Amino acid sequence: MKKVLAIAGLSVKSAVRSSLFLTLMVILLIVTIGLPLSVKGDGTLNGRIALILYYSLGLTKIILGIATVWVSCWAIAWEVEGKYIQTIAVKPVRRAYIWIGKWLGILFVNAVLIAVSAGITYVMTVGVLSMSGADQKDIEIVKDEVLACRIRAEPNREDISKEAHDLADRLKERGEFSEEVPDDEIYLNAYRRVVASKATVSPGQSKEWHFDIRKEFKGSSKVTVRYNLSARARQRNPVSGKWVIGTDVNPEAYVSKINNYLFGRHILNVPVDILDDAEQLIVTFVNSDRDKSNVAIFDVKNEVEMLVVSGGFAGNYFRTVLILFCQLAMLAALGVTAGSLLTFPVASFAVISLLMISLLSHYFSVTYGEDAGHQHQGHDCESAQKTSAHRLTMEQVVVRANVVVAPAMRFQPIDALTDGLVVSREETFEAILVLLLLYPGIFGLFGAWFLSRRELALPVS
Amino acid sequence: MSEQTVVEVKGLVKVFKDFWQRPKVKAVDNLDLSVQRGEIFGLLGPNGSGKSTTIKILLGLLNATEGDVKILGHNPHDVKVKEKIGYLPEESYLYGYLTPRETLNFYGRLFGLESGVRKERISQLIEMVGLSHAADRAVGEFSKGMARRVGLAQALINDPELIILDEPTSGLDPIGCRQVKDLMLALVRRGKSIILSSHLLADVEDVCDHVTILYNGKKQAYGRINELLEDSDRIRLTMPELSPEKMKTLLSEIKKKTGSTPEVDRPSMNLERFFLEVVDKANESAVHQTGAVKTEGVAEYLNRQ
Amino acid sequence: MLRIRQFYTLAVLTAVESIRQPICLLLTTACVLLIGLTPVLLLHQFGEDGKLARDSGLALHFVFGIFIACYTASSCLAREMRTGTASAVLSKPVSREVFFVAKFAGIVVVIFMFSSCAAIATLLSERVSMKFSMEPAVVGYVTDGLTGGMLLLAPFVAFLLAGLLNYYRKRPFESTAFGLLLAMLIVVLLVSGFFERTGQFSPYDLRIHTGIISMSAMVTLALVVISSIAITLSSRLNIVPTMIICSAVFLLGLMSDYLFGQKALDSTLFLVIFSLIPDWQNFWTLDVLKDGGAVPWRYVMHAAFYAVSYSAGIMLLGLLSFSRKEMR
């Protein structure tokens, strides 16, 4: 361990004494101090604070991410190119220790930089909020919706695959699709139509959403229900009706009338005491508009959601920063491994290419996944075989690549944080496990193996 | 391999290959070597003769294409054996942003030396290489010779059994060269073994017991240095100044006895000794010095039995 | 006269040295292949008429170009200063000004070579992508498979030839392959003129969207700007800090108009920041290319004026810094 720490210490000294640390610190200071002063947002205080957090942390992540790629690829590649490694490799140090030492050194520098950056962002966010001169009411809204830590729960989903199959059969019978169109495509089309029809509530009709009340919801200081009227309804007339919120024990605990509501997100407060003895929260919307054309259309992907306050913002913020740090740690591991095998520019190119491919694979997989999830829901093999070969191959390649990539790519704590949602302890623990231990462990094994097999004193042309 | 043999190389071949794996250069060609405990072994040869490549194979920095290499009875890739080896590369390869003290501390930590031992050795080594006044300046600011001294110190931090020095005097001033040579002799007296690679013949002649001369990767000559250099057909007499008459008588007497006229010349001090005397005088006048300083002796811990 | 000869020698040497780095070849080949694959990889939308291929090609040109510009600029100066090569050259009767500007010129040559490859690839990729054909033989959406095949084959042929030359003649692989790649792309561009989009032989006509040429020229100008920043930073900094600052400048340059542009009218501070950070929007006018349009050459000249003045200003700072730099 002493030997590893000696190498880590050397890396830290190198970063601090070269202009690297200072350069990064200056860039981060410009970003974290400059951005909050120049960002305007959407005109609301809520939007501005969310944007400050999003931009400052997002840019910190991007800048430190890029810097980590450069520095980590440089770490060992430079030692080999400058032949400094010859004086280390002849000492009684396993080459794996060199890898670990370099990685830990980068981790330490990242830890300091991210702590400073996150600290300033926190202070700037709170500072902008307190010096905004806004009403107490607006400040409270920010504290409730952005500087918050809420668990988001989705309503129980009903299985619509049978309905979608029936509709698909009817569509085929009616001859709406030519014979060349594969069954999967028709099913997907039918599925989307059913989803869209479920997201609308016509005048005189109502719709219910059921939420399971989990143990951790009870005793919460604040519970809200957020509904999202589709932006596609922009051209339509405003909607009027009433919301009824209750539980399986007390079905009509709270009623709220809405009048002329336009598209966008809206909030309903739920009396917290009704959750105590209940198992389900039932939210009902009744469209009581007299104008028959005023159909309420909810956002298909996110009709209604339940938000339960769970803990404070500071803890949530800390967990977000911790996950960001873990992401950088994984990146550093990848870079140090590439630098163990390749020269600096080639290593950084390889890492960036790998990142790009991973991001694309994850993105396509998520996009395909949504379709594929619907497509194959209760679907038989026969129709799946009819899927075009091109699409199947593409899908398989993407999905297979994503099996490797997904565990590392799925952590998006900044999105949750700026939406006032909880970044849970479990998620943080998982991030530490996957991003700080598992992936770096695998990369480390490769890196150490490459390094131990590499001739470190080859003549360089 | 006997207890007394510290390095044994048999049939060593090293071929550097191109991208297509075709042989590009045969840097070492069927080399046999044997270095005994307590000797200074000279590896001589012009540039590109394969000296450094051989050393790097001994240290596990390069892999042998063919042949068998044992260092202190182990495979060169064995990490444990490196605890007993000190190595000074052909260029010092030191981290420019570290001071000599930090550099030695870093390498000391790589050997797992305890803090107290490290501190003691660092101060003695810095004193020994004459850099006490520059111990806290970044090595990047040093001249080549000063950096070489730090390089030499790092090679000795672990009190090694086998010391491999690749061109140790390159970049050093005559004082430094003499000190390095004295140091080598002192270390050998303590039972250490040294492999010295150099193309400076005078250095090798001064200190080595055995030499191997390499050319084009092949061993061209091997043996004890005095045996290799000895001219067994001739002898030399040295005596105090004689008057011209006495000289004439002596020469005619020798010619009468041997049948040939001997060559007569005056022995001269070599330039190294002359230079050292001049510096000694300057040292006495205690002029302020920013570079390396002439010091006497060897670090105390290296002298302990 | 001597200075001009020195300048020429140093610039050519810098260009050759940079092109011999594997990364140059790697980036250029990856860029050409990705541009070539765009019509295959991206889902075609009816009526977009090559827009996706065009936009992606230019975006890839920009992003890969930034990497090449930063890397070559910082490696050729910072590394030479570190290894002592710069000292060796400057010990000859070569002024620092000539040395510094020649280094920059060498990098610009590399950027032009890379940009030529990327621009030809974009021209061909746009031609390849699915478009509505009104030819008598085929009416409907057609992908130009023949040109696409030749475009994707070009790097492999270049590599094969360079490999053979390396094997038999010991010619350096990287620079030979780089040169051959450019040559092969030019050949593909010229040969494709003999064919219709449907693959049928027809009277010679290039059938390319010439508007892409002026747009590619604009992207090249942006790359020249970032090279000037990189080489100026390299006069003092090591390669990694240079790459980091260039990355930050690139990011800020993308948001420059949004972050500082509007406020620059009211605040001197923001005006200074806005002027100091290069605004990439000046070099990025993709919408003009719709329906066969082109960036007017007058606008390109304006952009060139901005790029040259900006680079000159930055280079002056670099010269000032380099002239005071102590060499080891």
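Two residues are in contact when heavy atoms lie within 4.5 Å. By that rule, 5 residues of chain B touch 5 residues of chain C. The model is predicted, so local features need pLDDT of at least 70 and side-chain atom pairs pLDDT 80 or more, while totals for chains, interfaces and linings use all residues. Residues are numbered from 1 along each chain as its sequence is written, chains are lettered from A in the order in which they are written, and side-chain values use heavy atoms, without hydrogens and water.

Start where chain B meets chain C. The area buried there is about 450 Å² (accessible area, 1.4 Å probe, lost on being put together, summed over both). Carbon and sulfur atoms give 43% of that area. On the side of chain B, Trp20(B), Arg22(B) and Gly140(B) supply 86% of what the chain buries against chain C. The interface has 2 residue pairs in polar contact (N or O atoms within 3.5 Å, one able to donate a hydrogen and the other to accept it; residues adjacent in sequence count only through side-chain atoms on both sides).

Now look for enclosed space. Rolling a probe the size of a water molecule over the atoms shows where empty space is left. The whole structure has 2 cavities of 30 Å³ or more (sets of points on a 1 Å grid where a 1.4 Å probe fits but cannot get out). The largest holds about 90 Å³. Its lining (residues with an atom within 4 Å of a point) includes Trp74(A), Phe344(A), Tyr71(C) and Arg82(C). Helix 3 of chain C gives the most to this lining, with 6 residues (helices are DSSP runs of H or I, at least four residues, numbered from the N terminus).

Methods: Buried area is the accessible area (1.4 Å probe) that two parts lose on being put together, summed over both. On a 1 Å grid over the protein atoms alone, a cavity is a set of points where a 1.4 Å probe fits but cannot get out, and a pocket is an open set with protein on both sides within 12 Å along at least five of seven lines; lining residues have an atom within 4 Å of a point. Grid points are joined across faces, edges and corners, and a volume is the space filled by probe spheres set on the points. Helices (H or I, at least four residues) and strands (E, at least two) are DSSP runs, numbered from the N terminus.
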